[in-house]
Amino acid sequence: MTDLLVLGGSGCTGIHVLRQAAERGHRVRALVRNPDAVQAPAGIELIRGTPSGIDDIRRAARGADAVISALNNARASDNPWAKPISPPHFMTDAARDTLTVMSEQGIRRIVLTSSQGAGDDWARLNPLVKAFIKMSNIKAGFDDHTGVDEVVRASDTDWTLVRAVALTDKPVSGPLAAEAGTAKPGPRANRADVAGFLLDAVEQGTWIREAPLVWNAKG
């Protein structure tokens, strides 16, 4: 059993983290803007606040052994190409503040969701994909994920950046394929399986100071 702080627990991936963490018997505290709007499992402690406020993070992090961040940029709609409405550096600033709090409170372990193409993984993408990203609304998210990548790598924590390919809402289909090299990944990753991977990384102490790319090998 681990005392977990979850950021982004009200999001599409984060809600799976809450459900699976409860099923696995962890003690979980989630920092959310509106606890009344989150359908969290019994036993999950919802703390009202925002990851944009370092004092809110401080309150929520007390007693935590590890942090899981499933934060993402908000968009005008659920369409992945919709206009971003979060501040340009929302995830980067939240990661920086979270790392500050972790240092203050002696928390070493953090596992964060990231994206294929973030940070040094940009080199993996083909030129046409890069050109499309640069001209589209999703560029803001890529830039912010890269900012998170930079601040996390500069920390002395036991971090893991989980770089997912295109996310889907299909049911759990089994362990994800994962690698930190140059293999060609599959096209999609189910959010529920990504949530399981985040929890596995905490429980098993795997992928420390690495940024695995993850995808569903089947389904």
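Colleague: Why is F142 called buried?

Modeller: This is a predicted model, and every value is computed from it. F142 has a relative accessible area of 14%. Buried means under 20%. So F142 counts as buried.

Colleague: What makes W122 partly exposed?

Modeller: The relative accessibility of W122 is 24%. Partly exposed covers the range between the 20% and 50% cut-offs. W122 falls there, so it is called partly exposed.

Colleague: How do you know that W122 and F142 form an aromatic pair?

Modeller: Take the distance. Their ring centres are 6.2 Å apart. The rule asks for centres within 6.5 Å. So the two rings pair.

Colleague: And why is that pair called edge-to-face?

Modeller: Look at the angle. The planes of W122 and F142 stand 75° apart. Over 60 degrees counts as edge-to-face. That is why the pair gets the name.

Colleague: What does the pair tie together?

Modeller: W122 sits in the loop between β5 (109-115) and α4 (127-135). F142 belongs to helix α5 (residues 139-153). The pair therefore ties together parts that are 20 residues apart in sequence.

Colleague: How many aromatic pairs are there by this rule?

Modeller: The count comes to 2. W122 and F142 form one of them. F197 and W207 also form an aromatic pair.

Colleague: What makes the pair of F197 and W207 tilted?

Modeller: Their planes are 40° apart. Under 30 degrees would be stacked, and over 60 would be edge-to-face. The rest count as tilted, so this pair does too. Its centre-to-centre distance is 6.4 Å, and the limit is 6.5 Å.

Colleague: Where do F197 and W207 lie?

Modeller: F197 is in helix α6 (residues 191-204). W207 is in the loop between α6 and β10 (213-215). So their pair ties together parts that are 10 residues apart in sequence.

Colleague: Are F197 and W207 buried or exposed?

Modeller: F197 has 11% relative accessibility, so it counts as buried. W207 has 22%, so it counts as partly exposed. The cut-off for buried is under 20%.

Colleague: What marks the backbone of W207?

Modeller: Its phi is near 55°, a positive value in a residue other than glycine. R209 has a positive phi as well, near 60°. R209 also lies in the loop between α6 and β10. At 39% relative accessibility, R209 is partly exposed.

Colleague: Why remark on a positive phi?

Modeller: Because most residues other than glycine have a negative phi.

Colleague: Why is D36 called exposed?

Modeller: D36 reaches 70% relative accessibility. Exposed means over 50%. So D36 counts as exposed. D36 lies in the loop between β2 (27-32) and β3 (45-48).

Colleague: What makes T2 buried?

Modeller: T2 has a relative accessible area of 17%. The bar is under 20%, so T2 passes. T2 is in the segment before β1 (3-7). Leaving aside neighbours within four places in sequence, T2 contacts H26, R27, D65 and V202.

Colleague: How do you know that the whole chain is as compact as a globular protein of its length?

Modeller: Compare two values. The radius of gyration is 16 Å. The globule rule gives 17 Å for 219 residues. The two are close, so the chain is as compact as a globular protein of that length. The chain has 6 helices and 10 strands. Buried residues make up 50% of the 219 residues.

Note on methods
Residues are numbered from 1 along each chain as its sequence is written. This is a predicted model: local features need pLDDT of at least 70, side-chain atom pairs count only at pLDDT 80 or more; totals for chains, interfaces and linings use all residues. Side-chain values use heavy atoms; hydrogens and water are left out. Helices (H or I, at least four residues) and strands (E, at least two) are DSSP runs, numbered from the N terminus. The radius of gyration is taken over C-alpha atoms; the globule rule is 2.2 Å times the number of residues to the power 0.38. Buried means under 20% relative accessible area, exposed over 50%, partly exposed in between (1.4 Å probe, protein chains only). Rings of Phe, Tyr and Trp (its six-membered ring) pair if their centres lie within 6.5 Å; planes under 30 degrees apart count as stacked, over 60 as edge-to-face and the rest as tilted. Contact means heavy atoms within 4.5 Å.
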